[in-house]
Amino acid sequence: MSTSSPSPRVLLAGGNGYVGCRLAIHLASLGWQVQIGSRNPISISGADHLAITQKKLDWADPQSLKEACRDCDFVIHLAAPNEIVAGASKSAAVTGTLLTTVDLLDGAKQAGVKRFLYFSTAHVYGGPLSGLLKESDSPQPRHPYSITHRCAEDFVTAEATPTFLPIVIRLSNALGSPVIPETDRWKLVGNDLCRQAVETGKIVLNSDGTVLRDFV
């Protein structure tokens, strides 16, 4: 008699965000048990048939973070203020990126999680990005958004042990409409241009047109 392995269980912290929603749907469609942790849980429209649950996180309460991580095989950390919010307030960048990462990392280890995946940003290499970038290139963050992500990376990787594997992914630009329309990612140039075309029938660049970006 054969027995099937239990479905992996994952906590997506910040899983109601731009990347998080897409990742939640993808993992759940593969049969994973997905728990989205967020300050303001919002159900993902059209995903009711998938094994996705929502849990309210209290970032000021370490016990709340530990409980959210309990019984999870993986924790994926996506919660952070975007570059606009971080640029407007250094303290918001530090609190929302660096401190939340440290606290969630501690909660995951205390809960016995074995794998911790942290989504950082390619902007740790500086800005504007140019040429061929490699992981061996020296980071040169210059913006509160990239500086705090770079600092958080060090806290994550420093926790590696034989029983706890932390991984950092430096994400580049993504293109596509937010799954939750209220998600504040319509200022990304690709999304902005598409939305303008649909809503106004014309496209107006909000820059001088010389900025280069890569997309996935």
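This is a short chat about a few residues in a predicted model.

Trainee: Where is E153 placed?
Mentor: E153 sits in helix α5, which covers residues 144–157.

Trainee: Buried or exposed?
Mentor: E153 is buried, at 3% relative accessible area. The cut-off for buried is under 20%.

Trainee: Which side chain does E153 make a polar contact with?
Mentor: With that of S120, at 2.6 Å.

Trainee: And which residues is E153 in contact with, leaving aside neighbours within four places in sequence?
Mentor: Y118, S120, V124, V168 and R170.

Trainee: New topic, the backbone. Which peptide bond is cis?
Mentor: The one from G127 to P128 is cis, with omega near -5°. P128 lies in the loop between β5 (115–121) and α5. Most peptide bonds are trans.

Trainee: What about phi at D71?
Mentor: D71 has a positive phi of about 70°, and D71 is not a glycine. Most residues other than glycine have a negative phi.

Trainee: Where does D71 lie?
Mentor: In the loop between α2 (62–69) and β4 (74–77). D71 is exposed, at 62% relative accessibility.

Trainee: On to cysteines. How many disulfides are in the whole structure?
Mentor: Zero.

Trainee: Why is C72 without a bond to C69?
Mentor: The C69 sulfur is the closest cysteine sulfur to that of C72, but the two are 6.3 Å apart, so they are too far for a bond. A disulfide needs sulfurs within 2.5 Å. C72 is buried, at 6% relative accessibility.

Trainee: How far is the nearest cysteine sulfur from C194?
Mentor: It is 19 Å away, in C21, and C194 is in no disulfide. C194 is exposed, with 52% relative accessible area.

Conventions:
Residues are numbered from 1 along each chain as its sequence is written. This is a predicted model: local features need pLDDT of at least 70, side-chain atom pairs count only at pLDDT 80 or more; totals for chains, interfaces and linings use all residues. Side-chain values use heavy atoms; hydrogens and water are left out. Helices (H or I, at least four residues) and strands (E, at least two) are DSSP runs, numbered from the N terminus. Buried means under 20% relative accessible area, exposed over 50%, partly exposed in between (1.4 Å probe, protein chains only). A polar contact is a pair of N or O atoms within 3.5 Å; within protein, one must be able to donate a hydrogen and the other to accept it, and residues adjacent in sequence count only if both atoms are side-chain atoms. Contact means heavy atoms within 4.5 Å.
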